[in-house]
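Let's walk through this one together, a question at a time. Have the sequence and the 3D view open while you read.

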Amino acid sequence: MHPEKVKSIYLIAICGTGMASLAGLLKESGHRVTGSDNNIYPPMSTLLTQAGIEIKPGYRKENISKDIDLVIIGNAVSRTNEEVKAVLEANLPYTSFPEALSRFFLEGRKSLVVAGTHGKTTTTALLSWVLNSAGKKPGFMVGGWMKNFDNNHQVPGGDFFVTEGDEYDTAFFDKEPKFLHYRPYASILTGIEFDHADIYRDLGHFKSSFKKYVEIIEPGGFLLVEFSDRNIPDILTHVSCLVETYGEDDRADWQWTAYRREDHGGRFALRHKGENIGEYFIPMIGSHNAENAAAAAALTLKLGLTREEIAEGFRTFKGIKRRQEVVGEKNGIEIIDDFAHHPTAIERTVHAVKEAYPGRRVWAIFEPRSATSRRNIFQDLLPQSFKDADLVVIAGLFSPDKIKPEERLDPESVVESIRKEGRMADFIPEARSIIDLVTRKSRPGDVILIMSSGGFDGIHQKLLDRL
């Protein structure tokens with residue numbers, strides 16, 4: 001069905017991050033939008049409510065009416081879902097979230113996609129804000145809540161659309177990764193490490209998706225890849241566009257260097273093939289964020305932005321919720337929320353927080369919640385990820401019954417490994433007991449870093465209330 005003829009759109013599993021963003025984009029573009037979900041909670045439920053989009057709780061066949069022009073089916077549901085079965089029985093037109101994004105918003109625009117295992121959300125958000133700050137009016141869809149917009153999406157008013165490129169599968173009827181639908185003109189690839197163990201067999205299978213992805217970038221476009229990533233060269237064998245590298249190594253085409261911490265942020269210099277581009281300040285902690293910013297700067301320079309426009313965009317960037325977000329402070333104790341769940345992301349985040357709060361005790365509290373972190377794939381890597389933390393607490397697995405017993409992560413074993421290295425660590429299964437421990441043992445000056453890819457039973461506010 002042609003997008004111009006679609007008036008009424010229904011989204012099944014509307015509260016997913018991408019689905020809620022798409023719902024907002026469609027609503028703001030003039031469509032009648034509604035949908036359903038079993039898991040209705042902030043921030044996506046807030047976004048939908050603010051947009052005036054009705055969310056039907058649960059999945060019921062009665063919700064599928066004949067006046068719906070198009071159904072968008074999220075990858076959180078299967079063919080056996082009651083509403084999906086009703087759609088199929090009624091022979092209603094349906095599509096996936098990434099294909100709908102492509103059809104309604106990417107056609108005729110320069111699609112800019114950020115892909116990779118780490119740093120996607122931050123880099124996509126930086127890229128979106130820098131373009132917007134420079135007056136380019138980009139459309140965007142980011143996997144995190146951007147404080148500059150108090151939103152995670154924007155209808156395009158210009159030539160560019162920026163998308164966070166997810167390698168997760170598309171839908172029950174399309175098992176290819178989402179980012180194969182995004183028509184990339186230019187792309188940033190931040191690095192490749194094995195993830196999504198629920199759908200990928202191994203690293204080779206994981207890399208095969210990225211190989212397909214880089215091969216669909218427009219020949220007249222370009223690809224920026226992280227220089228030091230050892231897996232990226234394997235996927236670049238049949239790329240038809242220009243490829244340039246970025247990184248801290250002086251052999252990278254775009255080199256970021258001279259990083260230093262500064263006022264709850266960082267400053268770095270950027271060089272392109274030996275030419276000094278300039279210094280940039282970013283209001284985010286951690287050298288890994290300097291690298292994310294360097295990639296965004298390189299891409300926007302190639303798109304024609306000036307150095308001054310980029311510097312102003314970085315300077316005025318307000319950050320993303322759940323990415324090193326300070327959620328509150330009580331009695332001299334600071335609470336930070338972060339989405340980190342892969343060993344590399346955990347290590348970078350803990351290091352950045354420790355660096356930003358010199359001389360203060362840093363607690364690292366982690367909930368194994370993602371499909372990969374609940375599995376024992378990274379059992380041996382996790383202990384080292386917490387090496388910069390003064391105190392470590394690991395919670396119980398989220399919904400362990402959904403993982404085969406022989407595949408589950410053993411949090412107690414991770415804690416034991418940390419203790420063998422002479423560091424303080426505890427395994428505490430439930431959030432309320434973690435709150436009890438922190439309330440008893442924390443002291444003024446402590447920094448409590450809480451990492452989870454989900455809500456973690458509202459631990460952040462509950463802890464602030466107790467403190």
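**Helices, sheet and cores**

Q: Which strand does helix α1 run at about 170° to?
A: This is a predicted model, where local features need pLDDT of at least 70, side-chain atom pairs count only at pLDDT 80 or more, and totals for chains, interfaces and linings use all residues. Residues are numbered from 1 along each chain as its sequence is written, and side-chain values use heavy atoms, with hydrogens and water left out. Helix α1 (residues 17–28) lies across β1 (8–12), β2 and β4 (70–73), helices (H or I, at least four residues) and strands (E, at least two) being DSSP runs numbered from the N terminus. With axes fitted to C-alpha atoms, for helices over the stretch in contact (heavy atoms within 4.5 Å), and angles from 0 to 180 degrees between N-to-C directions, the strand at about 170° is β1.

Q: What are the edge strands of the open sheet of β3-β2-β1-β4-β5?
A: The 5 strands of this open sheet come in the order β3-β2-β1-β4-β5, with parallel pairing; two strands pair if DSSP finds at least two bridges between them. Pairing on one side only marks the edges, β3 (54–57) and β5 (94–96).

Q: Which residue in β3 stands opposite Gly 35?
A: Strand β2 (residues 32–37) pairs with β3 in the parallel sense over 4 bridges. Opposite Gly 35 in β3 stands Ile 55.

Q: How many residues does the largest nonpolar core have?
A: A nonpolar core is a set of buried Ala, Val, Leu, Ile, Met, Phe, Trp, Tyr and Cys residues joined through side-chain atoms within 4.5 Å; buried means under 20% relative accessible area, exposed over 50%, partly exposed in between (1.4 Å probe, protein chains only). Leu 11, Leu 22, Leu 48, Ile 72 and Leu 189 have the most contacts inside the largest one. Its residue count is 47.

Q: Why is α5 largely enclosed by the rest of the structure?
A: The buried residues of α5 pack against elements including β6 (110–115), β7 (139–146) and α7 (287–302). Among those buried are Leu 126, Leu 127 and Trp 129. Helix α5 is largely enclosed because the buried share of its residues is 12 of the 14.

Q: How many disulfides does a search of the whole structure find?
A: Cys 15 is buried, at 10% relative accessibility, and Cys 241 is buried too, at 8%. With a disulfide taken as a pair of cysteine sulfur atoms within 2.5 Å, the search finds 0.
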